[in-house]
Amino acid sequence: MKITVCRKEHFNAAHRLNNPAWSPEMNQRVFGKCNNPNYHGHNYSLTVKLTGSINPDTGYVYDMKLLSDLIQTEILAKFDHHNLNLDTEEFKNLNPTAENIAIVIWNLLREKISAAYELSVTLFETDRNFVEYHG
């Protein structure tokens, strides 16, 4: 029997959507307000889901304190209150769309969480716009 446990976190970050291979006009047409050269920010909501079997000794699928600490060190410490384009290695050459942010977060966590667990990341950029990545 498998069950899914979820941890929700929040972080604030600035970014600019821009394709350097395109003209300023093309970037503006495709990305609109999100192409502002002075950047803009979001209050992101992140849900990390782990699916696995319950450990009969602990009753846990995964220790939620360990998951919280992992998200803090691997994700929040890197992205919270940072400009994703300027302050992070992950987005130096990668357009920080919600889709790409979710994939980066998944990859960072996947390196630290056993493959015995199914991992899923849901990232809300706004209350109405969100992405899910399952690897």
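Which residues does His40 touch, not counting residues up to four places away in sequence? The exercises below work from this question outwards.

**Exercise 1. Describe the surroundings of His40.**

Step 1. The model is predicted: local features need pLDDT of at least 70, side-chain atom pairs count only at pLDDT 80 or more, and totals for chains, interfaces and linings use all residues. Residues are numbered from 1 along each chain as its sequence is written, and side-chain values use heavy atoms, with hydrogens and water left out.

Step 2. His40 is placed in strand β2. Helices (H or I, at least four residues) and strands (E, at least two) are DSSP runs, numbered from the N terminus.

Step 3. Leaving aside residues up to four places away in sequence, His40 touches Ala13, Ala14, His15, Lys33 and Cys34. Contact means heavy atoms within 4.5 Å.

**Exercise 2. Locate the annotated binding site and examine His42.**

Step 1. In an unreviewed UniProt entry, the annotation "binding site" covers His15, His40 and His42. These residues span 28 residues in sequence, yet no two of their C-alpha atoms are more than 8.4 Å apart, so they gather at one spot. UniProt positions are given in the numbering used here, feature names are shortened, and annotations may be inferred rather than shown by experiment.

Step 2. His42 also has its place in strand β2. With 13% relative accessibility, His42 counts as buried. Buried means under 20% relative accessible area, exposed over 50%, and partly exposed in between (1.4 Å probe, protein chains only).

Step 3. Not counting residues up to four places away in sequence, the contacts of His42 are Phe11, Asn12, Ala13, His15, Glu125 and Thr126.

**Exercise 3. Compare the settings of Cys34 and His81.**

Step 1. The "active site" annotation of the unreviewed UniProt entry covers Cys34, His81 and Glu125.

Step 2. Cys34 is in the loop between α1 (24–31) and β2 (40–53). Its relative accessible area is 24%, so Cys34 is partly exposed. Beyond residues up to four places away in sequence, Cys34 touches Arg16, Leu17 and His40.

Step 3. His81 is found in the loop between α2 and β3 (82–83). The relative accessible area of His81 is 61%, and His81 is therefore exposed.

**Exercise 4. Characterise the packing of α2 against α4.**

Step 1. Helix α2 (residues 64–79) and helix α4 (residues 98–110) pack at an angle of about 140°, and their axes are 10 Å apart. Axes are lines fitted to C-alpha atoms, for helices over the stretch in contact, and angles run from 0 to 180 degrees between N-to-C directions.

Step 2. α2 and α4 are therefore oblique to each other. Angles under 35 degrees count as roughly parallel, over 145 as roughly antiparallel, 65 to 115 as roughly perpendicular and the rest as oblique.

Step 3. From α2, the contact is made by Leu70, Ile71, Glu74, Ile75, Lys78 and Phe79; from α4, by Val104, Ile105, Leu108 and Leu109.

**Exercise 5. Summarise the chain as a whole.**

Step 1. Four helices and five strands occur in the chain, and along the sequence they follow the pattern β-α-β-α-β-α-α-β-β.

Step 2. Taken along the principal axes, the C-alpha atoms fill a box of roughly 60 × 25 × 25 Å.

Step 3. Of the 135 residues in the chain, 41% are buried.
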